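Here is a friendly walk through one model, from a single loop residue out to the domains. Have the viewer open as you read.

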Amino acid sequence: MKIAVDVDGVIFDLISVFLNIFNHNYNTTYKKSDITQWEFYKNWGIYENQVYEIFYQIYNNKFSISLIDEKIPEYLRIIKKDHHVDILSARNHNFKSQLIQILLKYNINKGQSYDRIILVDEKPYDLKLKYEYDLYIDDNPNLIEPIKKKKDITLFLFDQPWNKVSICNKNIIRIKFWKDILIEIKKLKKTDILH
Ligand SMILES: [Mg+2]
């Protein structure tokens, strides 16, 4: 299978770092659970560019960022043995070398953990679908509707507060933990053989 793995909200816990900086800068006390929608900033009375200003500082590796699950490097290597795995992120192209660096810091390297890094613009949200993967592992709920329309591809929606209300069925599967990704991939392969 051709698999696309998203970065922020799937591999790295970007939003926790974002909240530390945001709360410090704006004297607020927001928590991760307060981010209940993708475009959360609209309810916070701030502009999108204020959000991206902080994201870009994080993309520049100015702050330390954690893995969502410390076993991700190991899981990626296991998946990569049987599949083509690309890192597919809606991150500004200017931060590609910084992304390679931070992945390497966590022992996620080209060849062993992934095949290619592909960066797309932040919008439109369905831009990632142009690359035609069999499976997308992503936390963006805006991918649900376009992927629902394509029966031959699957979305593993990585569970986050900003996609909690999204309904998952058929080719949209909610994933709570990385270890479940391996299990669900095996199930997909079995279904392929049956049909
Ligand atoms: Mg993401």
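In which loop is Asp115 found? Asp115 sits in the loop between α4 (96–105) and β3. Keep in mind that this is a predicted model.

**Around Asp115**

Is Asp115 buried, exposed or partly exposed? Asp115 has 15 C-beta neighbours inside 10 Å, so it counts as partly exposed; a buried residue would need 20 or more, and an exposed one 12 or fewer. If neighbours within four places in sequence are left aside, Asp115 is in contact with His84, Val85 and Asp86. Ile87 can be placed relative to Asp115 too: the two are 28 residues apart in sequence, while their C-alpha atoms are 7.8 Å apart in space.

**The sheet**

The loop that holds Asp115 leads to β3, and β3 belongs to an open sheet of 6 strands. Reading across, the order is β3-β2-β1-β4-β5-β6, with parallel pairing. At the edges are β3 (116–119) and β6 (172–175), each of which pairs on one side only. On average, neighbouring strands of this sheet are turned by 25° against each other, direction ignored.

For a look at one pairing, take β4 (residues 135–138) and β5 (residues 154–158): these strands run parallel and are joined by 4 bridges. Leu135 has Thr154 in β5 as its bridge partner.

**Helix α3**

Which residues of helix α3 (residues 72–82) are buried? They are Ile72, Leu76 and Ile79. These buried residues lie on the same side of α3 because they cover an arc of only 65° around the axis. There is a handy rule behind such patterns: an α-helix has 3.6 residues a turn, so residues three or four places apart point the same way. On the face of α3 turned away from the buried side, you will find the exposed residues Lys81 and Asp82.

**Two domains**

Finally, zoom out to the whole chain, which is divided into domain 1 and domain 2. The table gives the residue ranges and what each domain brings to the contact.

| Domain | Residue range | Residues in the contact |
|---|---|---|
| domain 1 | residues 2–12 + 66–194 | 13 residues |
| domain 2 | residues 14–59 | 11 residues |

Taken over C-alpha atoms, the centres of domain 1 and domain 2 are separated by 23 Å. The side of domain 1 that touches domain 2 is made up of 5 nonpolar, 5 polar and 3 charged residues.

Definitions and conventions:
Residues are numbered from 1 along each chain as its sequence is written. This is a predicted model: local features need pLDDT of at least 70, side-chain atom pairs count only at pLDDT 80 or more; totals for chains, interfaces and linings use all residues. Two strands pair if DSSP finds at least two bridges between them. Helices (H or I, at least four residues) and strands (E, at least two) are DSSP runs, numbered from the N terminus. Axes are lines fitted to C-alpha atoms, for helices over the stretch in contact, and angles run from 0 to 180 degrees between N-to-C directions. Two residues are in contact if their C-beta atoms, placed from the backbone, lie within 7 Å. The arc is that of the directions from the helix axis to the C-beta atoms. Domain bounds come from an automatic or database domain assignment. Ala, Val, Leu, Ile, Met, Phe, Trp, Tyr, Cys and Pro count as nonpolar, Asp, Glu, Lys and Arg as charged, and the others, Gly among them, as polar.
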